[in-house]
Amino acid sequence: MAKSDVKVLGAWPSPFVMRPTIALNIKSVEYEFLQEDLGSKSELLLKSNPVHKKIPVLIHGDKPVCESLIIVEYIDETWSSAPSILPSDPYDRATARFWAAYVDDKVFPSMKEIFIAEGVEAKKAAIQQLVDGLILLEDAYVKCSKGKPFFGGNQIGYLDIAFGSYLGWLIVTEKFNEVKLLDEAKTPGLAKWADIFCADPAVKDVMPETDKLAEYAKVLAKMRAASK
Amino acid sequence: MAEEVKLFGVWGSPFSRRVEIALKIKGVEYEYIEEDLANKSPLLLKYNPVHKKVPVLVHNGKPIAESVVIIEYIDETWKHNPILPQDPYERALTRFWAKFIDEKCLPALWNSTWSKGKDREAAIEEASQHLNTLENELKDKKFFGGEEIGLVDIVASFVGFWFGALQEVSGLELLTEEKVPKLCKWSYEVVNQSVIKENLPSRDKLIAYFSARFADASK
């Protein structure tokens, strides 16, 4: 497929945007990345995602696909030759989808909560909530990986993408709060997995640099403080 | 191997009813276990330790939680009478609308009923917008799934059936022929599809339950 047939509307700091780009890389599909201006939404975005007006959007030919994990499944089903992103067994697929939903519904909000929490006690409570979630994910990792490097086995799969896309922000959270979230003591499997994931060829060029993300987080924090 | 399928649910829950509808569409026999949410069974807590919620499907001893995850599992395991379309783009659209209904419509409709004051006004405004979005998405189709019901119709049965009951109890007027004529017509069609009709809770029982709750909430 010609490069211009596949476009991704996104922005570099967004963990959600990384999901389709990692998936496209896994499938060796060429695509054009259209960077949205942070702070204003392009005509193309508003036209392609009128319901939510959010990134990422995958535009395949003239068809827009929205919602990051839905896009990943679309990519897996459209470019269906190996490597597969979702597992082949229906129960394993259900398990991967369950934990991906858990990551979005529980882990990500906990992480955001840490940034917003005011006062030492509130921050501590938010951090504990996130750590509790990560311990559950450690258990899921052990069960899903069955001794192999990724949730998906020997290769990056759906749940690796769903959770791994947050790693940049997880590292920034650790830095800002001087706390270890993924560590050898509490989450040994995930601590190792994180390094392998970030170094993977499908991931390394689309994972934002921690310093750049940290700077961006500071800008966001200033904006939040200013709007109070 | 003998199939063993169990479903843990609650009579009034739209989430557990949607799984029952999916199982009925596939003609799968199952054992239904009614849970008392105030007194959750040890089995439920064992099968869904993360969320401790219904519905949970247990297939040959293996538990699955989260209603849409369960329905996709059912669709992939029993392949006849498909609930999701085959085409990847159509599947993406189906999943998109199911997610929109669950993450945006349901909370807004629920909050419109139960919240008060400014929160209620904001919820009503949001719910109206979302119902309009659904109205526009329906276009001239008989169902969201086309000629036959699909995942989106099953998920949207909350709007068609449960919200109808909530509306009656609360006096809200959001799902009306004047405001959303296509959606009203659709909700009539969808709740009269036999596989849905036969698997919905009794409307009278639901109204009684909501009325009691509404009376309590107004005190």
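In chain A, residues 89-220 are 74% helix and 0% strand, and the C-alpha atoms at the two ends of this span lie 42 Å apart; helices (H or I, at least four residues) and strands (E, at least two) are taken as DSSP runs numbered from the N terminus. The UniProt record, in an unreviewed entry, lists this span as "domain: GST C-terminal", its positions being given in the numbering used here, with feature names shortened and annotations that may be inferred rather than shown by experiment. The span listed under that name for chain B, again in an unreviewed entry, is 87-210, which is 73% helix and 0% strand, with end C-alpha atoms 40 Å apart. The model is predicted, so that local features need pLDDT of at least 70 and side-chain atom pairs count only at pLDDT 80 or more, whereas totals for chains, interfaces and linings use all residues. Residues are numbered from 1 along each chain as its sequence is written, chains are lettered from A and ligands numbered from 1 in the order in which they are written, and side-chain values use heavy atoms, with hydrogens and water left out.

Chain A is divided into domain 1 (3-78) and domain 2 (90-218), with bounds from an automatic or database domain assignment. Between these domains of chain A, 16 residues of domain 1 are in contact with 21 residues of domain 2, contact meaning heavy atoms within 4.5 Å. The area buried between the two is about 1,800 Å², of which carbon and sulfur atoms give 70%; buried area is the accessible area (1.4 Å probe) that two parts lose on being put together, summed over both. On the side of domain 1, the greatest losses fall on Trp12(A), Met18(A) and Arg19(A), together 33% of what that side buries. Two salt bridges are counted between the domains, a salt bridge being a side-chain nitrogen of Lys or Arg within 4 Å of a carboxyl oxygen of Asp or Glu. Glu73(A) and Arg97(A) form a salt bridge, with their closest N and O atoms 3.0 Å apart.

The contact between the chains takes 23 residues from chain A and 23 residues from chain B, and the two chains bury about 2,200 Å² between them, 69% of it on carbon and sulfur atoms. Ile70(A), Tyr91(A) and Phe98(A) supply 29% of the area that chain A buries against chain B, more than any other three residues. Seven salt bridges are found across this interface, and Arg97(A) also meets Glu72(B) in a salt bridge (3.4 Å, N to O).
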